[in-house]
Amino acid sequence: MSASPAAEPLIAVRGLAKSFNGKQVLRGVDLEVMTGETLVVLGGSGEGKTVLLRHMNGLLRPDRGSVWFSGQKLNDLDENALGEVRKQVAMVFQLGALFDSLSVFDNVSYPLREHTKLSEAQIRDRVRELMRAVDLGDGRVESLYPAELSGGMRKRVALARALALRPRAVLYDEPTTGLDPLVTDRIVGMIRSLQKQFGYTSVVVTHDLKSGFAVGDRFALLDQGRIRFAGSADEVRASSDELIREFLRTAL
Amino acid sequence: MPASINGMFEEVGEVAFLARDVSRNLVRRPFEARLLVEQLDSIGVRSLNVVNLTAVFSGMVLALQMGQFLGKFGAKIYVSRIMGLSLLREMGPVLTALMIGARVGAGITAELGSMTVTEQIDAMRALASNPIKKLVVPRVLACTLMMPVLTVIADAVGLFGGLIIAVAELGLTARYFYTSLLQNMVLSDLLSGLGKAVFFGYVISIIACHKGLTATGGADGVGRATTSAVVAAAISVLVSDFFLTKLFLST
Ligand SMILES: Nc1ncnc2c1ncn2[C@@H]1O[C@H](COP(=O)(O)OP(=O)(O)OP(=O)(O)O)[C@@H](O)[C@H]1O
Ligand SMILES: [Mg+2]
């Protein structure tokens, strides 16, 4: 680890191991996410991408190893203290995980009501602004319920909700999986432009290298519980690693 | 068999941990009054119909059976005493708990279970909000508070059912029925029933919340969790009723 503060990672995962019911999923993952970058974690289905991501905001606790956010070791924090971290590290779930019993407006305003003292009018403005940021600014979906939305809309609303507290980092779990190519392009573009606009750090977990290339600055390949490869887009393209080549073929 | 017994103890342990988390969050500010009121309504007020229906018919059946049996000894006049005792001490709290375990327990598990399997519980945590405080505490509190209230109502409705039968079938007068009831009823009958009700309400809701929060595997898993919550609640009520009865009789 470099001593220079500029190279200090915002999120660091060191020697992370995790198993469920005796099944070893992660076997010593080392990963650093630098401030402002978008790191794409690639990996096949069931390799533990979601499990890895869930350690970065403390939803899961390591069996071994440690997870750091902004110099703070998450292992040591209790659920309450983790709350403070989670306000800064937002997560967009694979299927959105919107609250079914709340309207779109109430979903997006939920974190604001929970954690800020904004007035009703301020909340309204902020929700409008967030909905515009995810291209749903025409005010037509705010009164709908999650069950009435398409998959792509759900992901966008989930993104708006995740951005509500202006986090320093956003963790995306498969932001484009299960969407048609057009919607995929749209979401990819949105992730890119929001990241530029707000300058937050992102970790994107996906098995789709094509959309990974479109959003990522740096890439890491998760295989058999370890990071098998990490590098820039050019390094990915130049790699002779068979698994990487295989991912590249699918991305063509 | 040993594995399933092991699993049972493990689960009891998990429920105990949840109970501890609930107590901790009970005292943590701010107190979520609005969420509690919502649950008092959905758990308590909306259970009135099933509870009343169960109580009135149970009271009538009890009076019929007792009237028939006591009639053989020419002791029909004791019907109201026996009814008071068995309703207040046993049938009121237990039948109410079984109905609440089925209606409310299943409802809680299904609701929390579907939130769990669709990652809504994780989403709450990821949004730095506390699902124990937001979801579990109001339900446990509401169920624990509402059970004795519903039980008192069930007691009264059950006795009313008994009164109808006593007058219509057994040839007793209403005045006799309730004067003899009031003469013989002691406060400890009512209180021991209410003590049970409080305990049952707490146990039912904790179990139901636990089953919901640990549901896995989609809609299927929610169904399984719901069934097992209702069964576990009923068994817990009936088993703990025995021990509570021992306890209350010996004090
Ligand atoms: N809470 C859990 N309990 C038990 N096993 C789990 C749990 N979470 C994950 N697993 C297991 O860990 C493995 C990795 O799961 P994970 O969801 O991280 O994979 P993934 O890489 O995200 O796959 P996908 O592309 O399908 O989302 C799977 O075999 C899964 O069954
Ligand atoms: Mg996953």
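Which residue in β10(A) is the bridge partner of A:A220? The partner is A:A230, and the views below place this pair among its neighbours. The structure is a predicted model.

**Figure 1. Strands β9 and β10 of chain A pair side by side in the antiparallel sense.** Strand β9 covers residues 218-223, and strand β10 covers residues 226-232. The two are joined by 6 bridges, one of which sets A:A220 against A:A230. Strand β9(A) is mostly covered, with 5 of its 6 residues buried. Strands of a sheet pair through backbone hydrogen bonds, and the pairing can be parallel or antiparallel. Both kinds appear around β9(A): the pairing with β10(A) is antiparallel, while the pairing with strand β3 (residues 38-42) of chain A is parallel. There are 4 bridges between β3(A) and β9(A). In that pairing, A:L39 stands opposite A:R218.

**Figure 2. A hairpin turn links β9(A) to β10(A).** There are 2 residues between the strands. A:Q224 sits in this loop and has a phi near 50°, a positive value in a residue other than glycine. Most residues other than glycine have a negative phi. Is A:Q224 buried or exposed? The relative accessible area of A:Q224 is 56%, and the cut-off for exposed is over 50%, so A:Q224 counts as exposed.

**Figure 3. Four strands of chain A form an open sheet in the order β2-β1-β4-β5.** The pairing in this sheet is antiparallel. The edge strands are β2 (23-34) and β5, since each pairs on one side only. Strand β1 (residues 9-20) and strand β4 (residues 64-69) are joined by 5 bridges. Two pairs of residues help to follow this contact along the strands. A:I11 stands opposite A:F69, and A:A17 stands opposite A:R64.

**Figure 4. Strands β4(A) and β5(A) form a hairpin with 2 residues between them.** Strand β5 of chain A consists of residues 72-73. It pairs with β4(A) over 2 bridges, in the antiparallel sense. A:W68 stands opposite A:K73 in this pairing. Which residue in the turn has a positive phi? It is A:S70, with a phi of about 50°. A:S70 lies in the loop between β4 and β5 of chain A. The relative accessibility of A:S70 is 39%, which lies between the 20% and 50% cut-offs, so A:S70 counts as partly exposed.

**Figure 5. Ligand 1 is surrounded by 14 residues.** Those that come nearest are A:K23, A:G46, A:K49, A:T50 and A:V51. Three residues are picked out here by the distance from one of their atoms to an oxygen atom of the ligand. For A:T50, a polar side-chain atom lies 2.6 Å from such an oxygen. For A:G46, the atom is a backbone N or O, and the distance is 2.7 Å. For A:S45, a polar side-chain atom lies 2.9 Å from an oxygen atom of ligand 1.

**Figure 6. Helices α4 and α6 of chain B pack against each other.** Helix α4 spans residues 79-117, and helix α6 spans residues 131-168. Their axes are 8 Å apart and meet at an angle of about 145°. The crossing is right-handed. What classes of residue make up the contact? There are 17 nonpolar, 6 polar and 3 charged residues.

**Figure 7. B:K211 makes a polar contact with B:E11 through side chains.** B:K211 belongs to helix α8 (residues 187-213) of chain B. The contact distance between the two side chains is 2.9 Å. The relative accessible area of B:K211 is 13%, which is under 20%, so B:K211 counts as buried.

**Figure 8. B:L247 is part of helix α9 of chain B.** This helix runs over residues 218-250. B:L247 has a relative accessibility of 45% and counts as partly exposed. The view also includes B:S192, which is 55 residues away from B:L247 along the chain. The C-alpha atoms of B:L247 and B:S192 are separated by 9.6 Å.

Methods. Residues numbered from 1 in each chain as written. Chains lettered and ligands numbered in written order. Predicted model: local features only at pLDDT ≥ 70, side-chain atom pairs only at ≥ 80, totals over all residues. Heavy atoms only, no water. Axes fitted to C-alpha atoms, helices over the stretch in contact; angles between N-to-C directions. Left-handed = near helix turned anticlockwise from the far one by under 90°. Nonpolar A, V, L, I, M, F, W, Y, C, P; charged D, E, K, R; others polar. Pairing = 2+ DSSP bridges. Buried < 20%, exposed > 50% of the residue type's maximum accessible area, 1.4 Å probe, protein only. Near = heavy atom within 4 Å. Polar contact = N/O pair within 3.5 Å; in protein donor to acceptor, adjacent residues only side chain to side chain.
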